[in-house]
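Please look through the sequence and the structure shown here, and follow the chains one at a time as the paragraphs below lead you through them.

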Amino acid sequence: MRVSCWRSLPTCGLQSTLFQLRDLKAVGKKFVHVMYPKKSSALLRDWDLWGPLVLCVSLALMLQGGSADSKEDGGPQFAEVFVIIWFGAVVITLNSKLLGGTISFFQSLCVLGYCVLPLTVAMLVCRLVLLAGSGTVSFIIRLIVVIAMFAWSTLASTAFLADSQPPHRKALVVYPIFLFYFVISWMILTFTPQ
Amino acid sequence: MLRQGSSDDIEDVSLFDADDEVSRRSKKSKIRHPVASFFHLFFRVSAIVVYLLCELLTSSFIACMVTIILLLSCDFWAVKNVTGRLMVGLRWWNQVDDDGRSHWKFESRKVSAQGHKTSSESESRIFWLGLITCPIIWVIFAFSALSSFKVKWLAVVMMGVVLQGANLYGYIRCKVGSRKNLTSMATSYLGKQFLRQTMAKEDQTAS
């Protein structure tokens with residue numbers, strides 16, 4: 001969240017809309033950084049939570065399957081996915097802070113949220129594959145895609161987060177991240193449309 | 001020293017400005033940023049209205065939830081980045097410096113050298129009214145959702161409480177931060193008055 005003009009009040013309105021475009025570009029840049037996880041400070045320094053919110057909402061929508069609010073569907077409810085993602089991210093952040101990490105609360109939430117992007121892509125692919133059919137072949141394709149994206153998510157977030165930890169504690173930090181993305185991948189893999 | 005009826009600071013007004021006072025009062029009650037004031041209240045109130053009327057508007061829980069989430073996010077962004085700055089001259093943000101430590105900054109706009117105050121009273125009233133009442137309403141919703149066990153709405157209500165509570169906390173800290181000078185000024189002024197009165201009483205009893 002950036003602040004723009006302060007003293008020059010007449011041009012404030014114009015600059016407000018301009019820096020909204022700048023914010024959107026910053027969000028887009030972060031998405032690119034997640035897909036190609038290199039050592040970059042964009043995700044950490046200029047954190048924002050808009051990308052995670054968009055990803056969370058779209059993932060929860062896709063996991064819903066269009067069967068709105070029916071009690072018979074086996075898939076998770078919208079609110080459950082929302083709560084799992086945000087509560088899980090908060091717990092991992094608290095865990096890493098308790099282990100003595102130097103990263104701040106919102107930076108960690110930002111990284112974990114943005115690294116859900118590969119899994120959202122996997123969900124999209126799974127839904128497209130399920131449109132074609134739901135036999136064994138489609139299951140194998142979905143399994144491969146989900147495993148690949150899960151590995152990508154975990155590696156991307158580890159690349160950003162593990163550096164802020166003391167060296168002998170890295171495994172203790174990576175393990176909950178692994179579990180978090182595993183739960184999301186499980187929800188994606190076991191999704192069957194009505 | 002004439003005291004203006006504002007909540008922000010005390011101005012010295014000379015006798016020559018006496019006829020300007022009326023025009024200044026009318027300027028203070030004018031709304032300078034009508035669009036910002038409208039949107040400040042629009043997103044908050046419509047989020048609450050959608051939450052209350054969702055059962056009547058549509059049978060889809062998801063449509064309601066997504067709408068409320070969108071409205072709450074727009075409201076958070078608008079209040080934090082636009083309306084606070086324009087309407088009351090306060091802003092707050094987070095900064096991460098080079099060694100990775102994050103700092104929260106709370107600022108309030110100082111009155112410029114000409115003594116020209118850029119925030120009007122009615123705008124300030126609208127701003128604080130909207131800022132304070134809506135989180136209270138969301139807290140009431142949280143308690144009612146908990147007590148009637150409508151747990152699926154709890155996620156949305158908690159989001160409302162957190163986002164609007166964050167803005168409330170940020171702006172109160174901006175206000176309190178700037179008020180530290182005001183309270184110290186007021187304390188010293190009152191102290192001087194008290195001392196003057198005590199000295200005057202002592203003079204009376206002495207003579």
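In this predicted model, residues 111-133 of chain A make up a span that is 87% helix and 0% strand, and the C-alpha atoms at its two ends lie 35 Å apart. Residues 78-99 of chain A can be read in the same manner: here the chain is 95% helix and 0% strand, with 32 Å between the end C-alpha atoms. Both spans appear in the UniProt record, an unreviewed entry, which lists residues 47-66, 78-99, 111-133, 139-161 and 173-192 of chain A under "transmembrane region".

Turning to chain B, we find that its secondary structure comes to 5 helices and 2 strands, and that along the sequence these elements follow the pattern α-α-α-β-β-α-α. Chain B has 207 residues, of which 40% count as buried. If we take the contacts in chain B between residues at least 6 apart in sequence, 71% of them join residues that are at least 24 apart. The chain exposes about 12300 Å², and carbon and sulfur atoms supply 66% of that area.

Part of the surface of chain B deserves a separate look. L41(B), V45(B), V49(B), L52(B), L53(B), L56(B) and L57(B) form a nonpolar patch there, and together they have about 640 Å² of accessible area. One of these residues, L52(B), has its place in helix α2 of chain B, which covers residues 34-57. Is L52(B) buried or exposed? Its relative accessible area is 52%, and a residue counts as exposed over 50%, so L52(B) is exposed.

The cysteines offer a last topic. A disulfide is a covalent bond between the sulfur atoms of two cysteines. How many disulfides does the structure hold over all chains? The count is 0. C110(A), for example, is in no disulfide, and the nearest cysteine sulfur, which belongs to C115(A), is 8.8 Å away. With a relative accessibility of 0%, C110(A) counts as buried.

Why is there no bond between C54(B) and C64(B)? The sulfur of C64(B) is the closest cysteine sulfur to that of C54(B), but the distance is 4.2 Å, whereas a disulfide needs the two sulfur atoms to be within 2.5 Å, and therefore the pair is too far apart for a bond. C54(B) has a relative accessible area of 4%, and because a residue counts as buried under 20%, C54(B) is buried.

Notes:
Residues numbered from 1 in each chain as written. Chains lettered and ligands numbered in written order. Predicted model: local features only at pLDDT ≥ 70, side-chain atom pairs only at ≥ 80, totals over all residues. Heavy atoms only, no water. Patch = residues over 30% accessible without salt bridge, like charges linked within 9 Å, V, L, I, M, F, W, Y side chains within 5 Å. Areas by Shrake-Rupley, 256 points an atom, 1.4 Å probe, with all protein chains shown as cover. Salt bridge = Lys/Arg side-chain N within 4 Å of Asp/Glu carboxyl O. Helix = DSSP H or I, 4+ residues; strand = E, 2+ residues; numbered from the N terminus. Buried < 20%, exposed > 50% of the residue type's maximum accessible area, 1.4 Å probe, protein only. UniProt positions renumbered as here; feature names shortened; annotations may be inferred. Contact = heavy atoms within 4.5 Å.
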